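Q: I am new to this structure and would like to learn how its features are read. Could we go through them slowly?

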Amino acid sequence: MSAVRHADQPARWPLYLRAVVDIAFPTHTVRVAPGPVPHGLTGLPHPLPGARTIHIITACNPAGRATPARAGLRAQHDLLALLHAAGLPWWPAVGGDRAGTHGEISAAVTGLTDARARALGRRFGQDAVFAWSPASWRLLACAPAAHDAATADWHATLLTGPAKAFKSGGGLAPPWFSMWGTGDQPARRTWASTVLRRSRE
């Protein structure tokens, strides 16, 4: 999510409110979206015990600009390095629109407070980060003056195939995204190594 342009509310805020996030857990991939479960689909429970929150953070497209893929990969590597140094568990994720015309590689992180998640987003020039808990799906503004948004209505559904490879539209469509659905720890390490290697190419 891009950098803040206005103190009160980013211009792209309505797009964030409609965004979906695909997260690759160790045995399956889920799509998290605001609103009730669509007709004909089966909703999944929140994957973590207790009331633990998963924050979804990206380092792509800072300052409201669509950056080259190499710059996005380099920034995402820097974010993953910070998560690794802090010992925070994370899973690969992609956030974007439902139609798949825009997507940004992200990390779904546990162990952060809302304040720390905002600070990480702010460090990488982001407007906002997502926060997924059993009770709600929230959009947390990174700028202190901006407004948060929350909806108690969210749903998570199983992606039976590889998560959708988002088309180029200012975001990233990493070719290794087909590994989604087998997002175990070695796969995440491979994914992170690929991010690092491609950022140096």
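A: Let us begin with two tryptophans in this predicted model: W132 and W154 are both buried, because a residue counts as buried when its relative accessible area is under 20%.

Q: How many aromatic pairs are there, and how is such a pair recognised?

A: Two rings pair if their centres lie within 6.5 Å, and by this rule the count comes to three aromatic pairs. One of them joins F25 and W91, with 5.1 Å from centre to centre and 65 degrees between the planes, so that the pair is edge-to-face, the term for planes over 60 degrees apart. This pair links distant parts of the chain, since F25 sits in the loop between β1 (20–24) and β2 (29–34), whereas W91 belongs to strand β4 (residues 90–96), 66 residues apart. Both F25 and W91 are buried.

Q: What is the geometry of the pair formed by W132 and W154?

A: W132 and W154 also form an edge-to-face pair, with 5.3 Å between the centres and 85 degrees between the planes. Here too distant parts of the chain are linked, with W132 in strand β6 (residues 128–132) and W154 in strand β9 (residues 154–159), 22 residues apart.

Q: Where is T58 placed, and is T58 buried or exposed?

A: T58 lies in the loop between β3 (54–57) and α2 (69–85), and T58 is buried because its relative accessible area is 4%, under the 20% cut-off.

Q: Which backbone atoms does the side chain of T58 reach?

A: The T58 side chain reaches the backbone nitrogen of C60 at 3.1 Å, and the backbone oxygen of I105 at 2.7 Å.

How values were computed: Residues numbered from 1 in each chain as written. Predicted model: local features only at pLDDT ≥ 70, side-chain atom pairs only at ≥ 80, totals over all residues. Heavy atoms only, no water. Phe/Tyr/Trp six-rings, centres within 6.5 Å; stacked < 30°, edge-to-face > 60°. Helix = DSSP H or I, 4+ residues; strand = E, 2+ residues; numbered from the N terminus. Buried < 20%, exposed > 50% of the residue type's maximum accessible area, 1.4 Å probe, protein only. Polar contact = N/O pair within 3.5 Å; in protein donor to acceptor, adjacent residues only side chain to side chain.
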